[in-house]
Amino acid sequence: LLVGATTEIMGQTFAVSHPAINRAAQGGVSFNNGPALAAFAFDPDILAMPFADVRADDWFAPAVAFVYKHGLMVGTDEKTFSPSDSVTRGQLWMVLARLAGEAPESMDAALEWAVANGVTDGTAPADDLTRQQLVTALYRYCALAEYDTSAAAELTGFPDGLSVADYAVDAMKWAIGVEIIKGSDGEIKPNDTATRAEFAAVMQRFCAKIDA
């Protein structure tokens, strides 16, 4: 039970060694000082991930574990998630199709599903996904699944609120209202692209909202 600064848990070491002299806390069932394991060290979903580029203490590790466990996202190869890579529009359609219980065998099949169900117009599947495109697709998915989208937040509190495209305004108000996305440095940044790590975090929050 005594651990030191060289003891590794999921590739991480403790900041300090356990004190050589300690005493039992009230009742004698625990120690009153010494290093503690972070919660991720006991998270079976994080432990089950095969990705060498997702450290257990990365901020996005729980989100990656969630989308991987539920079959929404896979790695860019067997051992790599590529959290900093961009997400394409086509990849979003694939994830939403999977969320709907479909199992598209190709990007073309995911595109066909997305167009048939009003999620997208099917253009530019290889283009990087922007934040406003992401929330618009999620908003349309909610309409498809008959989820409540009545919550809304005004965009006037953001200095770039007027830069949201007309087609995305209602979706962006909803996404901010239910905290699926949040401002970045006080701005919405609707035309910024989403990384795979950020996309995983959005999908985790989105699934929590629709399952609530």
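Which residues form one aromatic cluster? Keep that in mind as you go through these close-ups of a predicted model.

**View 1. Y139, Y141, W174 and F206 gather into one aromatic cluster.** There's the answer to the opening question: two tyrosines, Y139 and Y141, join W174 and F206 in the cluster. Let's zoom in on one pair of rings here, Y139 and W174. Their centres are 5.6 Å apart and their planes meet at 55 degrees, so this pair goes down as tilted. Y139 belongs to helix 5, which covers residues 131-145, while W174 belongs to helix 6, residues 169-177. The pair therefore ties together parts that are 35 residues apart in sequence. Buried or exposed, what is W174? W174 is buried, because its relative accessible area is just 4%, and the cut-off for buried is under 20%. Y139, at 24% relative accessibility, counts as partly exposed.

**View 2. W59 and F60 make an edge-to-face pair.** To describe a pair of aromatic rings, you give the distance of the centres and the angle of the planes. For W59 and F60, that's 5.4 Å centre to centre and 90 degrees between the planes. Why is this edge-to-face? Because planes over 60 degrees apart get that label. Now check the surroundings of each partner: W59 counts as exposed, with 58% relative accessibility, but F60 counts as buried, with 10%. A search of the whole structure turns up six aromatic pairs, by the way.

**View 3. R196 puts its charged end over the ring of F81.** This time a ring meets a charge. How far is the charged end of R196 from the centre of the F81 ring? The distance is 4.3 Å.

**View 4. A124 has a positive phi without being a glycine.** Look at the backbone here: phi at A124 is about 50 degrees. Where is A124? You'll find A124 in the loop between helix 4, residues 107-116, and helix 5. With a relative accessible area of 31%, A124 is partly exposed.

**View 5. E179 also isn't a glycine, and its phi is positive.** For E179 the angle is about 60 degrees. E179 sits in a loop as well, the one between helix 6 and helix 7, and helix 7 runs over residues 196-211. How accessible is E179? At 47% relative accessibility, E179 counts as partly exposed, because exposed would take over 50%.

Conventions
Residues numbered from 1 in each chain as written. Predicted model: local features only at pLDDT ≥ 70, side-chain atom pairs only at ≥ 80, totals over all residues. Heavy atoms only, no water. Phe/Tyr/Trp six-rings, centres within 6.5 Å; stacked < 30°, edge-to-face > 60°. Buried < 20%, exposed > 50% of the residue type's maximum accessible area, 1.4 Å probe, protein only. Helix = DSSP H or I, 4+ residues; strand = E, 2+ residues; numbered from the N terminus. Lys NZ or Arg CZ within 6 Å of the ring centre and 35° of its normal.
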